[in-house]
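Hi,

Here is the model we talked about, ready for you to open. My notes on what turned up are underneath.

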Amino acid sequence: MELESLIKNIILQETENVEAPFVYRTPVVGFADAKDEMYRHLTEIIGNPQLLPTDLLKEAKTVVVFFIPYPEKLGKMIQKEKDIWIFKEWSSYYLRTNKLLSDIAKRLIKELDQIGIIAAGEPPTDNYNPVNLTAKWGHKSSAVIAGIGTFGLNHLLITKSGTMGRLNSLVIDGYVKPTERTNKPQCLYYKNGSCKICVSRCPSGALTEKGIDKFRCNAYLTGKNVHFTGQGCPACSSGPCALKGFAD
Amino acid sequence: MSDFINKHHGKVIEETIFWMEHEPVSAAERYRHSEYSYLILHYKDAVTELEAVAEESIMAKYSLGYCYYYGIGTMENRNKAQKLFQEFMEKMKEKAFAEEEKYRVAMCYGYGLGISADGKEALELFTSLENTHGGAAYEKAVAYQEGKWEIGKSKEKAGVFYLKAHELLYEGAILSLYEMDGRKGKEFPYYEEVKSAYSYLIGRYTLAARNQPCADAYMRLAKIYEEGFPGDDREGLDRFLEKAKKYYEKARGFAQEELP
(Lines give C-alpha, C1' and ligand atoms only; values in the text may rest on other atoms or scores of the structure.)
Protein backbone atom coordinates (compact mmCIF):
# COMPACT_ATOMS: atom_id res chain seq x y z
CA MET A 1 0.00 0.00 0.00
CA GLU A 2 2.95 2.27 0.62
CA LEU A 3 3.83 2.78 -3.04
CA GLU A 4 0.18 3.23 -3.96
CA SER A 5 -0.28 5.84 -1.22
CA LEU A 6 2.87 7.67 -2.23
CA ILE A 7 1.72 7.90 -5.84
CA LYS A 8 -1.81 8.97 -4.94
CA ASN A 9 -0.56 11.60 -2.49
CA ILE A 10 1.77 13.15 -5.06
CA ILE A 11 -1.04 13.36 -7.59
CA LEU A 12 -3.43 14.85 -5.03
CA GLN A 13 -0.90 17.37 -3.72
CA GLU A 14 0.07 18.61 -7.16
CA THR A 15 -3.60 18.96 -8.08
CA GLU A 16 -4.47 20.85 -4.91
CA ASN A 17 -1.48 23.18 -5.30
CA VAL A 18 -2.50 24.56 -8.67
CA GLU A 19 -2.81 28.33 -8.55
CA ALA A 20 -6.12 30.16 -8.65
CA PRO A 21 -8.37 30.48 -10.54
CA PHE A 22 -7.81 26.84 -11.49
CA VAL A 23 -9.40 24.31 -9.23
CA TYR A 24 -10.08 20.62 -9.76
CA ARG A 25 -12.17 17.84 -8.32
CA THR A 26 -10.47 14.87 -6.68
CA PRO A 27 -8.19 12.96 -9.08
CA VAL A 28 -9.23 9.48 -10.11
CA VAL A 29 -6.23 7.17 -9.96
CA GLY A 30 -5.94 3.59 -11.11
CA PHE A 31 -3.28 0.94 -11.67
CA ALA A 32 -2.98 -1.64 -14.42
CA ASP A 33 -0.80 -4.71 -14.54
CA ALA A 34 1.84 -3.94 -17.19
CA LYS A 35 1.39 -7.50 -18.46
CA ASP A 36 -2.40 -7.32 -18.64
CA GLU A 37 -3.60 -9.39 -21.60
CA MET A 38 -5.72 -6.47 -22.85
CA TYR A 39 -2.59 -4.58 -23.94
CA ARG A 40 -1.88 -7.32 -26.49
CA HIS A 41 -5.26 -6.78 -28.15
CA LEU A 42 -5.08 -3.00 -28.42
CA THR A 43 -3.42 -2.92 -31.83
CA GLU A 44 -6.21 -5.00 -33.31
CA ILE A 45 -8.97 -3.10 -31.49
CA ILE A 46 -7.65 0.35 -32.29
CA GLY A 47 -6.46 -0.43 -35.79
CA ASN A 48 -2.95 0.92 -35.61
CA PRO A 49 0.19 -0.34 -33.82
CA GLN A 50 0.13 0.25 -30.08
CA LEU A 51 3.07 0.15 -27.72
CA LEU A 52 3.12 -2.29 -24.85
CA PRO A 53 4.12 -1.01 -21.40
CA THR A 54 7.36 -2.96 -21.80
CA ASP A 55 8.10 -0.96 -24.96
CA LEU A 56 8.19 2.19 -22.80
CA LEU A 57 10.03 0.55 -19.91
CA LYS A 58 11.68 -2.85 -20.24
CA GLU A 59 11.04 -3.94 -16.65
CA ALA A 60 7.52 -2.46 -16.51
CA LYS A 61 5.33 -3.90 -13.75
CA THR A 62 2.55 -1.35 -13.36
CA VAL A 63 0.87 1.36 -15.39
CA VAL A 64 -0.25 4.29 -13.26
CA VAL A 65 -3.19 6.19 -14.73
CA PHE A 66 -4.51 9.47 -13.37
CA PHE A 67 -7.53 11.47 -14.48
CA ILE A 68 -7.83 15.06 -13.28
CA PRO A 69 -11.51 16.09 -13.38
CA TYR A 70 -12.44 19.68 -14.16
CA PRO A 71 -14.48 21.62 -11.60
CA GLU A 72 -18.23 21.23 -11.37
CA LYS A 73 -18.80 24.91 -12.20
CA LEU A 74 -17.12 24.55 -15.60
CA GLY A 75 -19.01 21.35 -16.29
CA LYS A 76 -22.38 22.91 -15.49
CA MET A 77 -21.62 25.97 -17.64
CA ILE A 78 -20.87 23.77 -20.62
CA GLN A 79 -23.82 21.49 -20.03
CA LYS A 80 -26.16 24.49 -19.96
CA GLU A 81 -25.01 25.72 -23.38
CA LYS A 82 -27.37 24.82 -26.22
CA ASP A 83 -25.88 26.81 -29.02
CA ILE A 84 -22.16 27.22 -29.60
CA TRP A 85 -19.59 25.33 -27.60
CA ILE A 86 -16.70 27.73 -27.59
CA PHE A 87 -15.43 28.72 -24.18
CA LYS A 88 -12.20 30.44 -23.27
CA GLU A 89 -12.41 28.69 -19.90
CA TRP A 90 -12.38 25.28 -21.59
CA SER A 91 -9.25 26.18 -23.52
CA SER A 92 -7.60 27.63 -20.42
CA TYR A 93 -8.29 24.47 -18.47
CA TYR A 94 -7.03 22.32 -21.33
CA LEU A 95 -3.73 24.15 -21.42
CA ARG A 96 -3.28 24.45 -17.66
CA THR A 97 -4.20 20.83 -17.03
CA ASN A 98 -1.72 19.60 -19.62
CA LYS A 99 0.95 21.42 -17.64
CA LEU A 100 -0.38 19.91 -14.41
CA LEU A 101 -0.24 16.42 -15.92
CA SER A 102 3.35 16.99 -17.01
CA ASP A 103 4.26 18.37 -13.57
CA ILE A 104 2.71 15.34 -11.88
CA ALA A 105 4.61 13.01 -14.19
CA LYS A 106 7.90 14.81 -13.56
CA ARG A 107 7.43 14.71 -9.81
CA LEU A 108 6.44 11.06 -9.86
CA ILE A 109 9.49 10.19 -11.96
CA LYS A 110 11.77 12.11 -9.60
CA GLU A 111 10.37 10.88 -6.29
CA LEU A 112 9.98 7.29 -7.41
CA ASP A 113 13.57 7.37 -8.59
CA GLN A 114 14.60 8.37 -5.07
CA ILE A 115 13.17 5.08 -3.80
CA GLY A 116 14.70 3.06 -6.62
CA ILE A 117 11.69 2.90 -8.93
CA ILE A 118 12.03 3.87 -12.57
CA ALA A 119 9.14 5.49 -14.41
CA ALA A 120 8.57 6.38 -18.07
CA GLY A 121 5.71 7.69 -20.12
CA GLU A 122 4.36 9.48 -23.15
CA PRO A 123 3.32 13.15 -22.89
CA PRO A 124 -0.37 13.88 -22.17
CA THR A 125 -0.83 15.60 -25.54
CA ASP A 126 0.95 16.23 -28.85
CA ASN A 127 1.86 12.56 -28.81
CA TYR A 128 0.11 11.70 -32.05
CA ASN A 129 1.01 11.54 -35.70
CA PRO A 130 -0.43 14.76 -37.20
CA VAL A 131 -0.90 13.14 -40.61
CA ASN A 132 -2.97 10.11 -39.68
CA LEU A 133 -4.05 11.37 -36.23
CA THR A 134 -3.01 8.21 -34.46
CA ALA A 135 -1.00 7.71 -31.31
CA LYS A 136 1.12 4.72 -30.36
CA TRP A 137 0.20 4.94 -26.70
CA GLY A 138 -3.35 5.54 -25.66
CA HIS A 139 -3.80 6.99 -22.19
CA LYS A 140 -7.53 6.28 -22.49
CA SER A 141 -6.91 2.62 -23.25
CA SER A 142 -4.67 2.36 -20.20
CA ALA A 143 -7.39 4.03 -18.13
CA VAL A 144 -9.89 1.37 -19.19
CA ILE A 145 -7.39 -1.40 -18.45
CA ALA A 146 -6.69 0.23 -15.07
CA GLY A 147 -10.38 0.11 -14.28
CA ILE A 148 -10.97 3.85 -13.84
CA GLY A 149 -13.42 4.25 -16.67
CA THR A 150 -14.97 2.99 -19.85
CA PHE A 151 -15.33 4.42 -23.33
CA GLY A 152 -18.46 6.37 -24.10
CA LEU A 153 -20.38 6.81 -27.34
CA ASN A 154 -18.43 10.08 -27.52
CA HIS A 155 -15.19 8.05 -27.77
CA LEU A 156 -14.04 9.71 -24.59
CA LEU A 157 -13.14 8.08 -21.32
CA ILE A 158 -15.98 8.32 -18.80
CA THR A 159 -14.87 7.88 -15.20
CA LYS A 160 -16.94 7.89 -12.02
CA SER A 161 -16.27 11.67 -12.07
CA GLY A 162 -17.40 11.97 -15.64
CA THR A 163 -15.59 12.75 -18.81
CA MET A 164 -14.61 16.36 -18.33
CA GLY A 165 -10.97 16.34 -17.45
CA ARG A 166 -7.55 15.32 -18.68
CA LEU A 167 -5.63 12.10 -18.42
CA ASN A 168 -2.07 10.89 -18.24
CA SER A 169 -0.30 7.62 -17.53
CA LEU A 170 3.12 6.44 -16.47
CA VAL A 171 4.76 3.04 -16.64
CA ILE A 172 6.79 2.05 -13.57
CA ASP A 173 8.93 -0.91 -12.60
CA GLY A 174 7.40 -1.06 -9.14
CA TYR A 175 4.41 -3.25 -8.35
CA VAL A 176 1.04 -1.86 -7.27
CA LYS A 177 -1.97 -4.14 -7.01
CA PRO A 178 -4.10 -3.54 -10.11
CA THR A 179 -7.37 -1.68 -9.62
CA GLU A 180 -10.35 -3.97 -9.98
CA ARG A 181 -11.96 -3.63 -13.38
CA THR A 182 -15.74 -4.07 -13.44
CA ASN A 183 -16.37 -3.35 -17.15
CA LYS A 184 -19.77 -1.90 -16.28
CA PRO A 185 -20.40 0.85 -18.83
CA GLN A 186 -20.21 4.38 -17.49
CA CYS A 187 -21.96 5.62 -20.63
CA LEU A 188 -25.75 5.82 -20.60
CA TYR A 189 -25.94 4.89 -24.28
CA TYR A 190 -24.06 1.66 -23.70
CA LYS A 191 -25.87 1.04 -20.46
CA ASN A 192 -29.43 1.38 -21.70
CA GLY A 193 -29.48 3.33 -24.99
CA SER A 194 -31.03 6.34 -23.28
CA CYS A 195 -28.62 9.08 -24.28
CA LYS A 196 -27.10 10.32 -27.52
CA ILE A 197 -26.52 13.93 -26.58
CA CYS A 198 -22.90 13.87 -27.70
CA VAL A 199 -23.90 12.74 -31.19
CA SER A 200 -26.69 15.28 -31.50
CA ARG A 201 -24.49 18.14 -30.31
CA CYS A 202 -21.35 17.40 -32.34
CA PRO A 203 -21.01 20.58 -34.41
CA SER A 204 -19.16 18.93 -37.27
CA GLY A 205 -21.21 15.75 -37.44
CA ALA A 206 -17.97 13.82 -37.02
CA LEU A 207 -19.46 11.81 -34.16
CA THR A 208 -22.23 9.36 -34.99
CA GLU A 209 -23.48 6.13 -33.48
CA LYS A 210 -21.32 4.32 -36.02
CA GLY A 211 -18.09 5.95 -34.84
CA ILE A 212 -16.02 9.06 -35.11
CA ASP A 213 -14.44 10.62 -38.19
CA LYS A 214 -11.40 12.16 -36.55
CA PHE A 215 -10.31 14.02 -39.69
CA ARG A 216 -13.68 15.74 -39.90
CA CYS A 217 -13.45 16.59 -36.21
CA ASN A 218 -9.89 17.83 -36.54
CA ALA A 219 -10.71 20.05 -39.53
CA TYR A 220 -13.63 21.55 -37.61
CA LEU A 221 -11.40 22.19 -34.58
CA THR A 222 -8.81 23.89 -36.75
CA GLY A 223 -11.48 26.18 -38.18
CA LYS A 224 -13.01 26.84 -34.80
CA ASN A 225 -9.64 27.72 -33.32
CA VAL A 226 -8.33 29.42 -36.44
CA HIS A 227 -7.24 32.65 -34.79
CA PHE A 228 -8.27 32.01 -31.27
CA THR A 229 -5.55 30.24 -29.36
CA GLY A 230 -8.24 27.94 -28.13
CA GLN A 231 -8.12 24.21 -27.81
CA GLY A 232 -10.56 21.45 -28.38
CA CYS A 233 -14.32 21.52 -28.27
CA PRO A 234 -16.43 20.52 -25.27
CA ALA A 235 -19.59 19.65 -27.21
CA CYS A 236 -19.12 15.88 -26.92
CA SER A 237 -18.35 16.32 -23.20
CA SER A 238 -21.48 18.34 -22.53
CA GLY A 239 -23.99 15.59 -21.83
CA PRO A 240 -24.98 13.94 -18.53
CA CYS A 241 -21.60 12.13 -18.43
CA ALA A 242 -19.71 15.41 -18.18
CA LEU A 243 -19.46 15.27 -14.41
CA LYS A 244 -20.32 11.69 -13.51
CA GLY A 245 -20.34 8.16 -14.78
CA PHE A 246 -23.34 5.83 -14.77
CA ALA A 247 -21.85 2.43 -14.00
CA ASP A 248 -23.67 2.20 -10.65
CA MET B 1 -4.65 17.15 -42.44
CA SER B 2 -5.52 18.87 -45.71
CA ASP B 3 -2.75 20.97 -47.23
CA PHE B 4 -5.28 23.75 -47.80
CA ILE B 5 -6.22 23.86 -44.12
CA ASN B 6 -2.60 23.75 -42.98
CA LYS B 7 -1.64 26.67 -45.20
CA HIS B 8 -4.78 28.72 -44.64
CA HIS B 9 -4.57 28.20 -40.89
CA GLY B 10 -0.89 29.13 -40.99
CA LYS B 11 -1.72 32.36 -42.79
CA VAL B 12 -4.38 33.30 -40.24
CA ILE B 13 -2.14 32.49 -37.29
CA GLU B 14 0.67 34.56 -38.78
CA GLU B 15 -1.60 37.57 -39.14
CA THR B 16 -3.08 37.03 -35.68
CA ILE B 17 0.34 36.99 -34.06
CA PHE B 18 1.33 40.09 -36.04
CA TRP B 19 -1.70 42.02 -34.79
CA MET B 20 -1.20 40.83 -31.24
CA GLU B 21 2.15 42.60 -31.37
CA HIS B 22 1.29 45.65 -33.48
CA GLU B 23 -1.24 48.44 -33.24
CA PRO B 24 -2.46 49.72 -36.62
CA VAL B 25 -1.54 53.40 -36.90
CA SER B 26 -0.96 54.53 -40.48
CA ALA B 27 -3.66 54.33 -43.14
CA ALA B 28 -1.84 51.41 -44.75
CA GLU B 29 -1.76 49.54 -41.42
CA ARG B 30 -5.40 50.26 -40.68
CA TYR B 31 -6.32 49.01 -44.14
CA ARG B 32 -4.22 45.88 -43.57
CA HIS B 33 -5.97 45.33 -40.25
CA SER B 34 -9.35 45.62 -41.95
CA GLU B 35 -8.20 42.83 -44.30
CA TYR B 36 -7.36 40.76 -41.23
CA SER B 37 -10.80 41.42 -39.75
CA TYR B 38 -12.29 40.28 -43.05
CA LEU B 39 -10.08 37.18 -43.08
CA ILE B 40 -11.35 36.10 -39.67
CA LEU B 41 -14.93 36.86 -40.72
CA HIS B 42 -15.35 39.84 -38.38
CA TYR B 43 -17.12 41.66 -41.16
CA LYS B 44 -18.68 44.42 -39.08
CA ASP B 45 -15.27 45.32 -37.67
CA ALA B 46 -13.84 45.26 -41.19
CA VAL B 47 -16.48 47.70 -42.42
CA THR B 48 -15.95 50.05 -39.48
CA GLU B 49 -12.21 50.04 -40.12
CA LEU B 50 -12.66 50.55 -43.86
CA GLU B 51 -15.05 53.48 -43.34
CA ALA B 52 -12.40 55.13 -41.17
CA VAL B 53 -9.62 54.74 -43.72
CA ALA B 54 -11.37 54.85 -47.11
CA GLU B 55 -10.46 58.48 -47.83
CA GLU B 56 -6.79 57.72 -47.35
CA SER B 57 -6.55 54.32 -48.97
CA ILE B 58 -7.68 53.52 -52.49
CA MET B 59 -7.62 49.79 -51.76
CA ALA B 60 -9.87 50.40 -48.77
CA LYS B 61 -12.32 52.11 -51.12
CA TYR B 62 -12.59 48.96 -53.21
CA SER B 63 -12.94 46.73 -50.14
CA LEU B 64 -15.62 48.96 -48.70
CA GLY B 65 -17.40 49.07 -52.05
CA TYR B 66 -17.33 45.27 -52.13
CA CYS B 67 -18.88 45.10 -48.64
CA TYR B 68 -21.66 47.53 -49.61
CA TYR B 69 -22.24 45.78 -52.92
CA TYR B 70 -22.80 42.36 -51.33
CA GLY B 71 -24.11 43.51 -47.93
CA ILE B 72 -21.15 42.07 -46.04
CA GLY B 73 -20.86 43.46 -42.52
CA THR B 74 -23.32 46.19 -43.43
CA MET B 75 -26.63 46.73 -45.22
CA GLU B 76 -26.41 46.25 -48.95
CA ASN B 77 -26.19 49.60 -50.75
CA ARG B 78 -25.35 49.28 -54.41
CA ASN B 79 -25.46 53.01 -55.12
CA LYS B 80 -22.87 53.68 -52.45
CA ALA B 81 -20.85 50.70 -53.67
CA GLN B 82 -20.80 51.91 -57.28
CA LYS B 83 -19.61 55.33 -56.19
CA LEU B 84 -16.73 53.77 -54.28
CA PHE B 85 -15.83 51.50 -57.18
CA GLN B 86 -15.92 54.48 -59.54
CA GLU B 87 -13.46 56.36 -57.34
CA PHE B 88 -11.29 53.25 -57.21
CA MET B 89 -11.25 52.81 -60.98
CA GLU B 90 -10.60 56.46 -61.70
CA LYS B 91 -7.33 56.14 -59.82
CA MET B 92 -6.35 52.55 -60.51
CA LYS B 93 -7.39 51.48 -63.97
CA GLU B 94 -4.13 52.69 -65.54
CA LYS B 95 -2.00 52.35 -62.45
CA ALA B 96 -2.58 48.84 -61.19
CA PHE B 97 0.78 47.13 -60.84
CA ALA B 98 0.60 44.86 -57.82
CA GLU B 99 -1.25 41.57 -58.14
CA GLU B 100 -4.11 42.47 -55.83
CA GLU B 101 -4.56 45.84 -57.55
CA LYS B 102 -4.80 44.16 -60.96
CA TYR B 103 -7.22 41.58 -59.59
CA ARG B 104 -9.52 44.29 -58.29
CA VAL B 105 -9.40 46.22 -61.55
CA ALA B 106 -10.27 42.96 -63.31
CA MET B 107 -13.22 42.45 -60.97
CA CYS B 108 -14.48 45.95 -61.76
CA TYR B 109 -14.26 45.30 -65.49
CA GLY B 110 -15.73 41.84 -65.16
CA TYR B 111 -18.77 42.81 -63.12
CA GLY B 112 -19.28 46.43 -64.23
CA LEU B 113 -18.27 47.84 -60.85
CA GLY B 114 -17.76 51.59 -61.12
CA ILE B 115 -17.12 51.25 -64.85
CA SER B 116 -18.81 49.79 -67.91
CA ALA B 117 -18.38 46.04 -67.98
CA ASP B 118 -15.60 44.87 -70.28
CA GLY B 119 -15.33 41.08 -70.20
CA LYS B 120 -12.38 40.97 -72.59
CA GLU B 121 -10.33 43.30 -70.37
CA ALA B 122 -11.34 41.37 -67.27
CA LEU B 123 -10.39 38.04 -68.78
CA GLU B 124 -7.02 39.31 -69.93
CA LEU B 125 -6.19 40.52 -66.44
CA PHE B 126 -7.47 37.37 -64.71
CA THR B 127 -5.45 35.26 -67.14
CA SER B 128 -2.30 37.20 -66.34
CA LEU B 129 -2.84 36.36 -62.65
CA GLU B 130 -4.29 32.87 -62.89
CA ASN B 131 -1.19 31.01 -61.66
CA THR B 132 -0.50 33.14 -58.62
CA HIS B 133 -3.75 34.72 -57.45
CA GLY B 134 -6.47 32.46 -56.03
CA GLY B 135 -9.25 34.92 -56.76
CA ALA B 136 -8.19 35.24 -60.40
CA ALA B 137 -8.04 31.47 -60.82
CA TYR B 138 -11.50 31.25 -59.25
CA GLU B 139 -12.93 33.83 -61.66
CA LYS B 140 -11.48 31.85 -64.59
CA ALA B 141 -13.19 28.75 -63.19
CA VAL B 142 -16.54 30.52 -62.95
CA ALA B 143 -16.08 31.96 -66.44
CA TYR B 144 -15.50 28.48 -67.89
CA GLN B 145 -18.36 26.99 -65.93
CA GLU B 146 -20.84 29.64 -67.06
CA GLY B 147 -19.35 30.51 -70.42
CA LYS B 148 -18.89 34.11 -69.29
CA TRP B 149 -17.05 36.80 -71.17
CA GLU B 150 -17.19 34.74 -74.40
CA ILE B 151 -14.67 32.26 -73.05
CA GLY B 152 -16.61 29.18 -74.12
CA LYS B 153 -18.17 26.83 -71.59
CA SER B 154 -15.95 24.03 -70.43
CA LYS B 155 -16.60 22.05 -67.25
CA GLU B 156 -13.24 20.40 -67.61
CA LYS B 157 -11.35 23.69 -67.68
CA ALA B 158 -13.56 25.06 -64.91
CA GLY B 159 -12.50 22.08 -62.81
CA VAL B 160 -8.83 22.75 -63.50
CA PHE B 161 -9.18 26.34 -62.36
CA TYR B 162 -11.27 25.54 -59.30
CA LEU B 163 -8.50 23.20 -58.19
CA LYS B 164 -5.87 25.80 -58.91
CA ALA B 165 -7.84 28.37 -56.88
CA HIS B 166 -8.05 25.85 -54.04
CA GLU B 167 -4.28 25.31 -54.14
CA LEU B 168 -3.84 29.09 -54.08
CA LEU B 169 -5.94 29.13 -50.88
CA TYR B 170 -9.10 30.65 -52.32
CA GLU B 171 -11.66 29.58 -49.76
CA GLY B 172 -14.73 27.97 -51.24
CA ALA B 173 -13.13 26.89 -54.52
CA ILE B 174 -13.27 23.18 -53.73
CA LEU B 175 -16.88 23.57 -52.57
CA SER B 176 -17.78 25.25 -55.85
CA LEU B 177 -16.14 22.38 -57.72
CA TYR B 178 -18.14 19.92 -55.63
CA GLU B 179 -21.34 21.77 -56.53
CA MET B 180 -20.47 21.88 -60.22
CA ASP B 181 -19.77 18.15 -60.11
CA GLY B 182 -23.30 17.53 -58.80
CA ARG B 183 -22.64 16.99 -55.07
CA LYS B 184 -21.83 13.31 -55.56
CA GLY B 185 -20.73 12.69 -52.00
CA LYS B 186 -18.04 10.06 -51.63
CA GLU B 187 -17.85 9.58 -55.40
CA PHE B 188 -16.40 13.06 -55.80
CA PRO B 189 -12.75 12.57 -56.75
CA TYR B 190 -11.58 15.13 -54.18
CA TYR B 191 -13.92 13.98 -51.45
CA GLU B 192 -11.35 14.13 -48.64
CA GLU B 193 -10.50 17.71 -49.60
CA VAL B 194 -14.10 18.85 -49.71
CA LYS B 195 -14.83 17.11 -46.43
CA SER B 196 -11.94 18.93 -44.74
CA ALA B 197 -12.80 22.26 -46.34
CA TYR B 198 -16.44 21.97 -45.28
CA SER B 199 -15.62 21.07 -41.68
CA TYR B 200 -13.03 23.82 -41.51
CA LEU B 201 -15.56 26.35 -42.77
CA ILE B 202 -18.20 25.25 -40.26
CA GLY B 203 -15.59 25.76 -37.55
CA ARG B 204 -14.74 29.24 -38.85
CA TYR B 205 -18.39 30.26 -39.11
CA THR B 206 -19.01 28.94 -35.59
CA LEU B 207 -16.16 30.97 -34.16
CA ALA B 208 -17.30 34.10 -36.00
CA ALA B 209 -20.86 33.66 -34.71
CA ARG B 210 -19.51 33.34 -31.18
CA ASN B 211 -17.23 36.37 -31.46
CA GLN B 212 -19.54 38.67 -33.37
CA PRO B 213 -23.06 37.34 -32.85
CA CYS B 214 -25.38 38.94 -35.38
CA ALA B 215 -28.02 37.96 -37.92
CA ASP B 216 -25.47 37.58 -40.73
CA ALA B 217 -23.16 35.32 -38.74
CA TYR B 218 -26.00 33.01 -37.75
CA MET B 219 -27.42 33.04 -41.28
CA ARG B 220 -24.07 31.85 -42.64
CA LEU B 221 -24.00 29.07 -40.08
CA ALA B 222 -27.61 28.13 -40.81
CA LYS B 223 -27.00 28.01 -44.57
CA ILE B 224 -23.95 25.80 -44.40
CA TYR B 225 -25.78 23.35 -42.15
CA GLU B 226 -28.80 23.44 -44.42
CA GLU B 227 -26.64 22.51 -47.42
CA GLY B 228 -25.78 19.27 -45.67
CA PHE B 229 -22.38 17.73 -45.18
CA PRO B 230 -20.94 16.19 -48.37
CA GLY B 231 -21.57 12.46 -48.39
CA ASP B 232 -23.63 12.28 -45.21
CA ASP B 233 -26.45 9.74 -44.92
CA ARG B 234 -30.05 10.73 -44.23
CA GLU B 235 -29.51 10.70 -40.48
CA GLY B 236 -26.51 13.00 -40.75
CA LEU B 237 -28.35 15.35 -43.11
CA ASP B 238 -31.34 15.47 -40.75
CA ARG B 239 -29.09 16.29 -37.80
CA PHE B 240 -27.61 19.13 -39.80
CA LEU B 241 -31.10 20.35 -40.75
CA GLU B 242 -31.97 20.53 -37.06
CA LYS B 243 -28.93 22.67 -36.49
CA ALA B 244 -29.84 24.86 -39.47
CA LYS B 245 -33.33 25.43 -38.02
CA LYS B 246 -31.83 26.40 -34.70
CA TYR B 247 -29.47 28.92 -36.28
CA TYR B 248 -32.11 30.39 -38.59
CA GLU B 249 -34.14 31.01 -35.45
CA LYS B 250 -31.19 32.78 -33.85
CA ALA B 251 -30.60 34.81 -37.01
CA ARG B 252 -34.24 35.91 -37.02
CA GLY B 253 -33.91 36.97 -33.40
CA PHE B 254 -30.87 39.09 -34.17
CA ALA B 255 -32.47 40.52 -37.30
CA GLN B 256 -35.39 41.78 -35.18
CA GLU B 257 -32.95 43.45 -32.80
CA GLU B 258 -30.91 44.93 -35.62
CA LEU B 259 -33.86 46.60 -37.35
CA PRO B 260 -33.21 50.35 -37.52
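B:Arg239 reaches over to the other chain: setting aside residues within four places in sequence, its contacts are A:Val199, A:Ser200, A:Leu207 and A:Thr208. You'll find B:Arg239 in helix α13 of chain B, which runs over residues 234-258. Is B:Arg239 buried or exposed? It counts as buried, at 18% relative accessibility, because the cut-off for buried is under 20%. Do keep in mind that this is a predicted model, so everything here is computed from it.

The chain interface

Between the two chains, 34 residues of chain B are in contact with 32 residues of chain A. About 2,500 Å² is buried between them, and carbon and sulfur atoms give 54% of that. On the chain B side, B:Met1, B:Leu207 and B:Arg210 supply 25% of the area buried against chain A, more than any other three residues. How many salt bridges cross the interface of chain B and chain A? There are five. In a salt bridge at 2.7 Å, N to O, the side chain of A:Asp213 meets that of B:Lys195.

Domains in chain B

The domain assignment splits chain B into domain 1 (1-95), domain 2 (96-181) and domain 3 (204-260). The centres of domain 1 and domain 2 of chain B, taken over C-alpha atoms, are 20 Å apart. Their contact takes 20 residues from domain 1 of chain B and 17 residues from domain 2 of chain B. The area buried between these two domains is about 1,800 Å², with 68% of it from carbon and sulfur atoms. In domain 1 of chain B, the residues that lose the most area to domain 2 are B:Phe4, B:Tyr62 and B:Met89, together 34% of what that side buries. One salt bridge is found across this domain interface. As for salt bridges within chain B, the side chains of B:Arg104 and B:Glu35 meet in one at 3.4 Å, N to O.

Another arginine to look at is B:Arg32, in helix α2 (residues 27-39) of chain B. B:Arg32 is partly exposed, with a relative accessible area of 35%. Not counting residues up to four places away in sequence, B:Arg32 touches B:Glu15, B:Phe18 and B:Trp19. Its C-alpha atom is 27 Å from that of B:Leu163, which is 131 residues away along the chain.

The cores

In soluble globular proteins, nonpolar side chains tend to be buried together. Here the largest nonpolar core has 133 residues, and those with the most contacts inside it are A:Ile7, A:Phe66, A:Leu108, A:Ile172 and B:Phe88. Helix α11 of chain B (residues 191-211) gives the most to this core, with 11 residues. Apart from it lies another core, of 22 residues, including A:Leu52 and A:Trp137. Beyond its neighbours within four places in sequence, A:Phe66 is in contact with residues that include A:Ile11, A:Val28, A:Leu101, A:Leu108 and A:Arg166.

Cysteines

How many disulfides does a search of the whole structure find? Zero, over all chains. Take A:Cys187: the closest cysteine sulfur, in A:Cys241, is 6.4 Å from its own, too far for a bond because a disulfide needs the sulfurs within 2.5 Å. For B:Cys214 the closest cysteine sulfur is in B:Cys67, 13 Å away, which is too far for a bond. A:Cys187 counts as buried at 7% relative accessibility, and B:Cys214 counts as buried at 6%.

Notes:
Residues numbered from 1 in each chain as written. Chains lettered and ligands numbered in written order. Predicted model: local features only at pLDDT ≥ 70, side-chain atom pairs only at ≥ 80, totals over all residues. Heavy atoms only, no water. Buried < 20%, exposed > 50% of the residue type's maximum accessible area, 1.4 Å probe, protein only. Core = buried A, V, L, I, M, F, W, Y, C linked by side-chain atoms within 4.5 Å. Helix = DSSP H or I, 4+ residues; strand = E, 2+ residues; numbered from the N terminus. Contact = heavy atoms within 4.5 Å. Domains from an automatic or database assignment. Buried area = accessible area lost by both parts, 1.4 Å probe. Salt bridge = Lys/Arg side-chain N within 4 Å of Asp/Glu carboxyl O.
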